[in-house]
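Me: I want the reasoning behind the labels on this model. Take me through it step by step.

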Amino acid sequence: MFEYAPAPESRSVVDLKPSYGLFIDGTFVDPTDGGSFKSINPASEEVLAEVAEAGAPDVERAVRAARKAYDKVWGPMPGRDRAKYLYRIARLIQERSRELAVLESLDNGKPIRESRDVDLPLVAAHFFYYAGWADKLGHAGFGPNPQPIGVAAQVIPWNFPLLMLAWKIAPALAAGNTVVLKPAETTPLTALLFAEICQQADLPAGVVNILTGAGDTGRALVEHPGVDKVAFTGSTDVGRAIARSVAGTRKKLTLELGGKAANIVFDDAPIDQAVEGIVNGIFFNQGHVCCAGSRLLVQENVADRVLESLKRRMAQLRVGDPLDKNTDVGAINSAAQLERIRELSDAGSAEGAERWSPPCELPDRGFWFAPTIFTGVTQAHRIAREEIFGPVLSVLTFRTPAEAVEKANNTPYGLSAGIWTDKGSRILWMADRLRAGVVWANTFNKFDPTSPFGGYKESGYGREGGRHGLEGYLNV
Ligand code: NAP
Ligand code: MG
């Protein structure tokens, strides 16, 4: 045995300011009524910065700036010129990706290995991809001359702060809209660094506006009458409230909500690969993933073997400092989310499921939850029905493909699913029957800007990514 030597990424590349204003009409401004809140590092509870809280007058200012930019500059601009700005932003993201990755890990708690190798490459790829569409909108399948909608209000969650920003802003701008975006209260800092990148790219003032704040800011933004389009990613409850408030207005709406994906392992699957996929499916990003494979459905005759390998693999996961390059599982994003994970996990034990976590030492400060699996789970258990949004896996078994389909679809959600089998024909048979927007086969949690993403049922409506992702930002 050797002693573990930590390998932390340096945070000196990040230039944190003590306080941040709102990004409106191309500049950072103070909020009208002077409110602010703190963003902390969930791995240490250290305060990172004081961030402005936007109120109704700030929403008014931002929407007006976005309208002016849409009417005067961005709307009339030829697509090939909009594309140049998007390419410039994409290249600046690549140039500053280390800084963005470290800041993302500091503010969110996710491992640097993920922010550096997954989030940031995908963020840049999204801008590159939609830059390519900006002058080809007439070839996207929505008529010869599709028109932008106008001002888009965009509200995003904290699990992939910069990636969700890219999913929202890149297609909106490519299609010729201007935006007002509200990041989540616990993770506003990379959106503010992105605002600096917009300045650096000479993006015309008012095309992108960033309003920091909490739920009330989000509500004021989506309810503002000057907004033409609302795009929301977050919980199903808030999505429902937004759908109600937008109903009866001319606003166009897309919702990307929660999920409770089944990851289905057949007895002919390559077990070692499947175990890697199970681990990636539920422990990637601490399980704060809407499409996380949070319900493992394993064929009964291989269940013991799969669980034994899974436990062995889980014992190897390194939980701790998000900035350590060897960390696999970082911090839970907030005290509130930790509380929710604890509550649901306790309910799992109380309802009779068997709980297991590998021995692992958790840091004293910050918000942490050990990787956990529950076996003996039934479909009626809360841990099999409700989204936990944490590193907690519920394990159920099945005997036949038909039973796997029935159990996989027995959920109010319909975002994603995974299938592990050696047979191509079975993959197609299953994919035809699973009510899920994305179905991965012999892999999990793979994303690409060219591929549309979105859900059925209570997982929302509309698609992000790919050609389809343009539709929500065009009058078609
Ligand atoms: P949330 O509470 O719904 O928050 C999402 C965003 O909405 C945050 O910016 C939040 O602000 C804001 N907000 C809260 N109340 C609002 C209101 N009444 N009107 C307008 N905006 C409001 O969701 P969360 O718990 O942070 O995020 C986790 C959820 O997002 C999970 O359910 C997950 O499945 C879902 N998600 C879905 C996808 C997808 O693509 N389908 C992707 C990622 C996450 P504050 O945070 O500042 O309060
Ligand atoms: Mg934070």
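Me: What is the helix and strand content over residues 29-476?
Reply: In this predicted model, residues 29-476 are 41% helix and 17% strand. The end C-alpha atoms of that stretch are 36 Å apart.

Me: What makes residues 29-476 a stretch to pick out?
Reply: The range comes from UniProt, where an unreviewed entry carries the annotation "domain: Aldehyde dehydrogenase" over residues 29-476. Such annotations may be inferred rather than shown by experiment.

Me: Which residue does UniProt list for "active site"?
Reply: The unreviewed entry lists Glu256. In the model, Glu256 sits in strand S11, residues 252-256.

Me: Why is Glu256 called buried?
Reply: Its relative accessible area is 5%. Buried means under 20%. Glu256 is under that cut-off, so the label holds.

Me: What touches Glu256, leaving out residues up to four places away in sequence?
Reply: The contacts include Phe232, Thr233 and Gly234. Phe453, Gly454, Gly455, Ser459, Gly462, Arg463 and Glu464 are also among them. A contact here needs heavy atoms within 4.5 Å.

Me: Why is S11 described as largely enclosed?
Reply: Four of the five residues of S11 are buried, so the rest of the structure largely encloses the strand.

Me: How do you know that S10 and S11 pair?
Reply: Pairing needs at least two bridges. S10, residues 229-233, is joined to S11 by five bridges, and the two run parallel. Val230 stands opposite Leu253 in S11. The pairing criterion is therefore met.

Me: What makes S10, H8 and S11 a right-handed unit?
Reply: Helix H8, residues 236-246, forms a β-α-β unit with S10 and S11. Right-handed means that, with the strands pointing away from the viewer, the path from the first strand over the helix to the second runs clockwise. The unit is assigned that hand.

Me: How many bridges link S11 and S19?
Reply: Two bridges, in the antiparallel sense. The cut-off is at least two, so S11 and S19 count as paired. S19 covers residues 460-461. Leu255 stands opposite Tyr461 in S19.

Me: Why does Ser459 count as buried?
Reply: Its relative accessibility is 0%. That is under 20%, so Ser459 is buried. Ser459 lies in the loop between S18 (438-441) and S19. Setting aside neighbours within four places in sequence, its contacts include Leu255, Glu256, Leu257 and Gly258. Tyr413, Gly414 and Leu415 are also among them.

Me: Is Gln299 buried or exposed?
Reply: Buried. Gln299 has a relative accessible area of 8%, and buried means under 20%, so the label follows. Gln299 lies in strand S13, residues 295-299.

Me: What makes the Gln299 and Arg399 pair a polar contact?
Reply: A polar atom of the Gln299 side chain lies 2.8 Å from the backbone oxygen of Arg399. The distance limit is within 3.5 Å. The pair therefore satisfies it. Gln299 also touches Val265, Phe266, Asp267 and Phe398, among others.

Me: How do you know that S16 pairs with S13 and S15?
Reply: Count bridges again. S13 and S16 share five, in the parallel sense. S15, residues 372-375, is joined to S16 by three, also running parallel. At least two are needed, so both pairs qualify. Leu297 stands opposite Leu396 in S16, and Phe374 stands opposite Ser394. S16, residues 392-398, is mostly covered, with six of its seven residues buried.

Me: Which residues come nearest to ligand 1?
Reply: Ile156, Trp158, Ser235, Leu257 and Glu387, out of 29 residues around ligand 1.

Me: What makes the ligand 1 pairs polar contacts?
Reply: Each involves an oxygen atom of ligand 1. A polar backbone atom of Ile156 is 2.7 Å from one. A polar side-chain atom of Trp158 lies 2.8 Å from one. For Glu387, a side-chain N or O atom is 2.6 Å away. The cut-off is within 3.5 Å, so these pairs count.

Me: Why is Val476 called exposed?
Reply: Val476 has a relative accessibility of 56%. Exposed means over 50%, so the label applies. Val476 lies in the segment after strand S20 (474-475). Leaving aside neighbours within four places in sequence, Val476 is in contact with Phe142, Lys252 and Glu471.

Note on methods:
Residues numbered from 1 in each chain as written. Chains lettered and ligands numbered in written order. Predicted model: local features only at pLDDT ≥ 70, side-chain atom pairs only at ≥ 80, totals over all residues. Heavy atoms only, no water. Buried < 20%, exposed > 50% of the residue type's maximum accessible area, 1.4 Å probe, protein only. Polar contact = N/O pair within 3.5 Å; in protein donor to acceptor, adjacent residues only side chain to side chain. Near = heavy atom within 4 Å.
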